[in-house]
Amino acid sequence: MFVRSQRLKPLNDEIHVRFQTGNMSAGELLRRYRLENNLTQQQMANLLGISQAAYHKWESELTKIPIDRYFSISVVCNVKLHDMLPENWQKKINSE
């Protein structure tokens with residue numbers, strides 16, 4: 001008997017949002033940062049300590065990037081973590 005699996009809801013520590021930088025998705029932004037640093041998916045995955053397959057899924061938006069990985073991505077790509085946050089979070093941070 002074949003059982004069709006259900007798509008699981010994201011865990012609380014995962015987000016999937018549109019970003020301030022040109023309204024780019026997380027995967028689009030990740031790809032842009034990787035290409036700006038002249039890195040292959042394999043090189044990026046190695047620097048982040050994950051498999052190339054896992055990295056590919058993030059960039060292709062097949063899976064969501066865990067929130068705790070955004071800091072590592074910002075370090076590897078030499079971008080401010082603040083620049084990777086969703087626009088509505090940035091507005092809240094700037095108003096405090």
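An axis here is a line fitted to C-alpha atoms, for a helix over the stretch in contact, and angles run from 0 to 180 degrees between N-to-C directions. Keep that in mind for the helix pairs. One caution before them: this is a predicted model.

Take H2 and H3 to begin. Their axes are 8 Å apart, and the packing angle is about 105°. Angles of 65 to 115 degrees count as roughly perpendicular. H2 and H3 are therefore roughly perpendicular to each other. Who makes the contact? On the H2 side, Gln41, Gln42, Met44, Ala45 and Leu48. On the H3 side, Gln52, Tyr55, His56, Trp58 and Glu59. By class, that contact of H2 with H3 has five nonpolar residues, four polar and one charged.

Now the other partner of H3. Helix H1 covers residues 26-36, and helix H3 covers residues 52-59. They pack at about 120°, with axes 7 Å apart. That angle makes H1 oblique to H3. From H1, the contact uses Gly27, Leu30, Arg31 and Arg34. From H3, it uses Tyr55, Trp58 and Glu59. The class split for H1 with H3 is three nonpolar, one polar and three charged.

Next, burial in H3. Which residues of H3 are buried? Tyr55, Trp58 and Glu59. Looking down the axis of H3, its buried residues fall within an arc of 95°, so they line one face of the helix. What do they pack against? H1, helix H2 at 41-48, and helix H4 at 70-77. Those three names should sound familiar. Tyr55, Trp58 and Glu59 are in the contact with H1, and they are in the contact with H2 as well.

On to H1. Its buried residues are Ala26, Gly27, Leu29, Leu30, Tyr33 and Arg34. Around the axis they cover an arc of only 165°, which puts them on the same side of H1. Their cover includes H2, H3, H4 and helix H5, residues 81-84. Gly27, Leu30 and Arg34 of H1 are buried, and they also touch H3.

Now the backbone. Most residues other than glycine have a negative phi. Here are two with a positive value. Asn38 has phi near 55° and is not a glycine. Where does Asn38 sit? In the loop between H1 and H2, just after H1. Asn38 counts as exposed, because its relative accessibility is 68% and the cut-off for exposed is over 50%.

Glu61 has phi near 60°, again positive in a residue other than glycine. Glu61 follows just after H3, in the loop between H3 and H4. Is Glu61 exposed or only partly exposed? Partly exposed, with a relative accessible area of 29%.

Now the whole chain. The protein has six helices and zero strands. Along the sequence the pattern reads α-α-α-α-α-α. Of the 96 residues, 31% are buried. The exposed surface is about 6800 Å², and carbon and sulfur atoms supply 51% of it. On contact range, take residues at least 6 apart in sequence. Of the contacts between them, 51% join residues at least 24 apart.

To recap. H3 packs roughly perpendicular to H2 and oblique to H1. The buried residues of H3 line one face. Those of H1 are on the same side of the helix. Asn38 and Glu61 carry the positive phi values I showed you.

Notes: Residues are numbered from 1 along each chain as its sequence is written. This is a predicted model: local features need pLDDT of at least 70, side-chain atom pairs count only at pLDDT 80 or more; totals for chains, interfaces and linings use all residues. Side-chain values use heavy atoms; hydrogens and water are left out. Helices (H or I, at least four residues) and strands (E, at least two) are DSSP runs, numbered from the N terminus. Angles under 35 degrees count as roughly parallel, over 145 as roughly antiparallel, 65 to 115 as roughly perpendicular and the rest as oblique. Contact means heavy atoms within 4.5 Å. Ala, Val, Leu, Ile, Met, Phe, Trp, Tyr, Cys and Pro count as nonpolar, Asp, Glu, Lys and Arg as charged, and the others, Gly among them, as polar. Buried means under 20% relative accessible area, exposed over 50%, partly exposed in between (1.4 Å probe, protein chains only). The arc is that of the directions from the helix axis to the C-beta atoms. Accessible areas come from the Shrake-Rupley method with a 1.4 Å probe; for residues, only the protein chains shown count as cover.
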